[in-house]
Amino acid sequence: MEGIIIVSIVFGSIWGILRGPMGGAIAEAIRNSSLPEGGNPRELEAMRHDLEELRAQLAETQERLDFAERMLANGREAKGLPPAAK
């Protein structure tokens, strides 16, 4: 029973600290640590935009590669060529 009371007091104290000004300062430090050194939010947003653009280009390239592989596989089957070595 004493253990439950002690645990409740400890967690209650931690909860109170995190909900107060100390918790706000910790949250702000975490938010600011996600920015690049000396960077600003606009630079971060531009980098996110570039990353999304690169992801779209990579997806398109993968689709084209899959299409080319299917076409090559169909050509081998139609001509009776041996399967590609792996």
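Biologist: Where is Ile26 placed?

Modeller: Ile26 sits in helix 2 of this predicted model.

Biologist: Why is Ile26 called partly exposed?

Modeller: Its relative accessible area is 38%. Buried means under 20%, and exposed means over 50%. The value for Ile26 falls in between, so Ile26 is partly exposed.

Biologist: What makes Ile26 eligible for a surface patch?

Modeller: A patch residue needs over 30% relative accessible area. Ile26 has 38%. Ile26 is listed in a nonpolar patch on the surface, along with Ile6, Val7, Val10, Phe11, Ile14, Ile17, Leu18, Met22 and Ile30. Together these residues have about 950 Å² of accessible area.

Biologist: Which elements give two or more residues to the nonpolar patch?

Modeller: Helix 1 (2-19) and helix 2 (21-33) do. Helix 1 gives the most, with seven residues.

Biologist: What is the order of elements in the protein?

Modeller: From the N terminus on, they run α-α-α. The protein has three helices and zero strands.

Biologist: How many salt bridges does a search of the whole structure find?

Modeller: It finds two.

Biologist: What makes the contact of Arg55 and Glu52 a salt bridge?

Modeller: The N to O distance between their side chains is 3.0 Å. The cut-off is within 4 Å, so the pair qualifies. Both residues lie in helix 3 (residues 41-79). They are three residues apart, about one turn of the helix.

Biologist: Are Arg55 and Glu52 buried or partly exposed?

Modeller: Arg55 has a relative accessible area of 48%. Glu52 has 45%. Neither value is under 20% or over 50%, so both residues are partly exposed.

Biologist: How do you know that Glu60 and Arg64 form a salt bridge?

Modeller: Their side chains meet at 2.8 Å, N to O. That is within 4 Å, so this pair also meets the definition. Glu60 and Arg64 are four residues apart in helix 3, so about one helical turn separates them.

Biologist: Why can such side chains pair?

Modeller: Side chains of opposite charge can pair when their charged atoms come close.

Biologist: Why is Arg64 called exposed, and why is Glu60 called partly exposed?

Modeller: Arg64 has a relative accessible area of 56%. This is over 50%, so Arg64 is exposed. Glu60 is at 41%. That lies between the two cut-offs, so Glu60 counts as partly exposed.

Biologist: How much of the protein counts as buried?

Modeller: Of its 86 residues, 2% do. The protein exposes about 8000 Å², and carbon and sulfur atoms supply 63% of that.

Biologist: Where is confidence lowest, and where is it highest?

Modeller: It is lowest in helix 1, at a mean pLDDT of 72, and highest in helix 3, at 85. The protein averages 77. A score of at least 70 is reached by 77% of the residues.

Biologist: Why does low pLDDT matter?

Modeller: Where pLDDT is low, the predicted coordinates should not be read in detail.

Notes. Residues are numbered from 1 along each chain as its sequence is written. This is a predicted model: local features need pLDDT of at least 70, side-chain atom pairs count only at pLDDT 80 or more; totals for chains, interfaces and linings use all residues. Side-chain values use heavy atoms; hydrogens and water are left out. Patches are made of residues with over 30% relative accessible area and no salt bridge: like charges are joined within 9 Å, nonpolar side chains (Val, Leu, Ile, Met, Phe, Trp, Tyr) within 5 Å. Accessible areas come from the Shrake-Rupley method with a 1.4 Å probe; for residues, only the protein chains shown count as cover. Buried means under 20% relative accessible area, exposed over 50%, partly exposed in between (1.4 Å probe, protein chains only). pLDDT is the predictor's confidence in each residue, from 0 to 100.
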